[in-house]
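Thanks for coming. I have one structure to go through today, so please look at the screen.

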Amino acid sequence: MTSDIRRFGTTATGQTVEAITLRAGELTARVLTFGATLQDLRLAGTPWPLVLGSDLLSAYEQRLHWCGAVVGPVANRLWRAQVTLDGRLWQAQPNDGANLLHSGAEGDFAAHLDDRGGPRRGGDPAS
């Protein structure tokens, strides 16, 4: 597998977004650091993209907000808005009674910038 990283654009709030291109065999994917958005997916020999995307960051900040969005960290409900990861109990903000539904009060991570510093847990360790 090969990869490269390039500047994709700047958000309306002035944050830099990068495009990470990954190539393996005949498949090429371009992921933005704007919420891990799948911006482009190509298969060698296919003359069109396999996903809907845009070359403009402003499109993802507006009408294409959900296009290419990676679901997570929760695509369903967490009972009592908590989960154990790597032996640690993590408490998230409930938004469905006492439970967490679809990643919390903000609803998604589609527009969260990722600094590629490792996984984001989305909550605080429970005390």
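I will start with the strand pairing, then turn to two residues of one strand. Keep in mind that this is a predicted model.

First, the hairpins. Strand 1, residues 2-10, runs antiparallel to strand 2, residues 16-24, and the pair is joined over 8 bridges. One of the bridge partnerships puts T2 opposite R23 in strand 2. There are 5 residues between these two strands, and in that turn G14 has a positive phi of about 90°.

Strand 2 also pairs with strand 3, residues 27-32, again in the antiparallel sense, over 6 bridges. Here L22 has A29 of strand 3 as its bridge partner. This hairpin has 2 residues between the strands, and G25 takes a positive phi near 60°.

Now to strand 4, which covers residues 37-43 and holds Q39. Is Q39 buried or exposed? Its relative accessibility is 3%, so Q39 counts as buried; the cut-off for buried is under 20%. What does the side chain of Q39 have for polar company? One of its polar atoms lies 2.8 Å from the backbone oxygen of S54. S54 is also among the residues that Q39 contacts beyond four places in sequence, a list that further includes F8, R30, L32, V51 and Y60.

L43 sits in strand 4 as well. At 36% relative accessibility, L43 is classed as partly exposed, because that value falls between the 20% and 50% limits. L43 also belongs to a nonpolar surface patch of about 380 Å², together with L27, W48 and L50.

That is the end of my part.

Key:
Residues are numbered from 1 along each chain as its sequence is written. This is a predicted model: local features need pLDDT of at least 70, side-chain atom pairs count only at pLDDT 80 or more; totals for chains, interfaces and linings use all residues. Side-chain values use heavy atoms; hydrogens and water are left out. Helices (H or I, at least four residues) and strands (E, at least two) are DSSP runs, numbered from the N terminus. Buried means under 20% relative accessible area, exposed over 50%, partly exposed in between (1.4 Å probe, protein chains only). A polar contact is a pair of N or O atoms within 3.5 Å; within protein, one must be able to donate a hydrogen and the other to accept it, and residues adjacent in sequence count only if both atoms are side-chain atoms. Contact means heavy atoms within 4.5 Å. Patches are made of residues with over 30% relative accessible area and no salt bridge: like charges are joined within 9 Å, nonpolar side chains (Val, Leu, Ile, Met, Phe, Trp, Tyr) within 5 Å. Accessible areas come from the Shrake-Rupley method with a 1.4 Å probe; for residues, only the protein chains shown count as cover. A salt bridge is a side-chain nitrogen of Lys or Arg within 4 Å of a carboxyl oxygen of Asp or Glu. Two strands pair if DSSP finds at least two bridges between them.
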